[in-house]
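Colleague: Could you pick one strand in this model and take a close look at it for me? I'd like to hear what it pairs with, what gathers around it, and how the rest of the chain fits in.

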Amino acid sequence: MKKEFDVVGAVIKDKSGKIFCALRSENMTLPNLWEFPGGKIEKGEQAEESLVREIWEELGCRVKVKNHICSNTHEYEMVIVHFSTFEVEILEGQPVLHEHASSIWLAPQNLKSLVWAEADIPTVELLMRETKK
Ligand SMILES: Nc1nc2c([nH]c(=O)n2[C@H]2C[C@H](O)[C@@H](COP(=O)(O)OP(=O)(O)OP(=O)(O)O)O2)c(=O)[nH]1
């Protein structure tokens with residue numbers, strides 16, 4: 001049986017509405033794919049708590065979790081990921097890459113120029129649709 005994980009991802013927007021996108025490094029699972037920073041929800045954690053912890057570990061900044069954006073399940077070759085994204089606001093600091101290979105701030109309409117982890121596509125499409133309204 002495939003392993004299943006609950007995973008949270010953060011949609012961080014700057015003042016102009018650009019979104020923070022992070023590139024998974026070669027030594028991570030799903031290498032060289034773009035994602036929303038975050039990670040697996042650990043036992044006993046709420047999704048929001050995990051996201052605050054993961055962003056602190058991965059990007060060294062303090063964040064507040066705002067609204068839920070999207071939840072979906074994606075079956076990869078090796079694992080099944082239950083993925084939820086939330087908009088987060090930076091309270092303190094700026095993202096510094098501790099684990100990712102690279103990062104970029106992109107306007108929502110340009111998000112599709114990156115190659116995303118497959119579980120992230122529903123969030124990417126929703127963010128792109130929102131700006132067209
Ligand atoms: N963080 C994150 N993981 C994602 C995204 N999309 C997606 O499919 N994933 C997958 C990749 C991994 O299989 C899983 C999360 O793993 P991770 O390596 O980021 O999480 P983690 O730091 O808690 O894991 P670990 O290395 O401590 O085991 O979810 C995304 O946008 N952000």
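**A close look at β1**

Modeller: Let's take β1, which pairs with β4 in the antiparallel sense over 3 bridges. Keep in mind that this is a predicted model. β1 covers residues 3-12, and β4 is a short run at 38-40. One residue to click on here is Gly9, whose bridge partner in β4 is Gly38.

Gly9 has a partner in β6 as well: Thr85 stands opposite Gly9 there. β6 spans residues 79-92, and its pairing with β1 is parallel, over 10 bridges. Phe5 gives you another spot to check along that pairing, standing opposite Val81 in β6. To sum up the pairing of β1, the sense is antiparallel with β4 and parallel with β6.

Follow β6 and you get to β5, residues 62-75, which pairs with β6 in the antiparallel sense over 11 bridges. The two make a hairpin, with 3 residues between them. Glu75 in β5 stands opposite Ile80 in β6, so that's a handy pair for finding the turn by its residue numbers, given that strands are numbered runs.

Now for the ligand. β1, β4 and β6 each supply at least two residues of the shell around the ligand, so the strands I've just described come up again here, taking strands as DSSP runs. The shell has 17 residues, and the closest are Glu35, Gly39, Lys40, Ala117 and Ala119. Gly39 and Lys40 from that list fall within β4. By residue type, the shell divides into 10 nonpolar, 4 polar and 3 charged.

β1 also takes part in the largest nonpolar core, which has 25 residues. Ala10, Val11, Ile19 and Val88 have the most contacts inside that core. β1, β2, α1 (47-59), β6 and α2 (121-132) each supply at least two of its residues. The largest share, 5 residues, comes from β1. If you want one residue to center your view on, try Val88: leaving aside residues up to four places away in sequence, it touches Ala10, Val11, Ile12, Leu51, Ile55, Val63, Lys64, Val65 and Lys66. Ala10, Val11 and Ile12 on that list belong to β1, while Leu51 and Ile55 fall in α1.

Glu35, one of the closest residues to the ligand, leads us over to another sheet. That one is open, with 3 strands in the order β3-β2-β7 and antiparallel pairing. Its edge strands are β3 (34-35) and β7 (102-106), each of which pairs on one side only. β2, at residues 19-23, is joined to β3 by 2 bridges, and Glu35 in β3 is the bridge partner of Ala22.

The loop between β2 and β3 is worth a look if you check backbone torsions. Leu30 sits in that loop and has phi near 50°, a positive value in a residue other than glycine. Asn32 lies in the loop between β2 and β3 too; its phi is also positive, at about 60°, and it is not a glycine either. As for surroundings, Leu30 counts as partly exposed because it has 17 C-beta neighbours inside 10 Å. Asn32 is exposed, because there are just 12 other C-beta atoms within 10 Å, and 12 or fewer is the cut-off for that class.

Two more loop residues are good for getting your bearings. Glu42, in the loop between β4 and α1, is exposed, with 11 other C-beta atoms within 10 Å. Glu42 and Val8 are 34 residues apart in sequence, with their C-alpha atoms 11 Å apart in space; Val8 belongs to β1. Gln94 is in the loop between β6 and β7 and is likewise exposed, with 9 other C-beta atoms within 10 Å. Its C-alpha atom is 19 Å from that of Glu48, which is 46 residues away along the chain.

As for the annotation, an unreviewed UniProt entry lists residues 3-128 as "domain: Nudix hydrolase". Over that stretch the chain is 17% helix and 42% strand, and the end C-alpha atoms are 31 Å apart.

Definitions and conventions
Residues numbered from 1 in each chain as written. Predicted model: local features only at pLDDT ≥ 70, side-chain atom pairs only at ≥ 80, totals over all residues. Pairing = 2+ DSSP bridges. Helix = DSSP H or I, 4+ residues; strand = E, 2+ residues; numbered from the N terminus. Near = placed C-beta within 6 Å. Nonpolar A, V, L, I, M, F, W, Y, C, P; charged D, E, K, R; others polar. Core = buried A, V, L, I, M, F, W, Y, C linked by C-beta atoms within 7 Å. Buried ≥ 20, exposed ≤ 12 C-beta atoms within 10 Å, placed from the backbone. Contact = placed C-beta atoms within 7 Å. UniProt positions renumbered as here; feature names shortened; annotations may be inferred.
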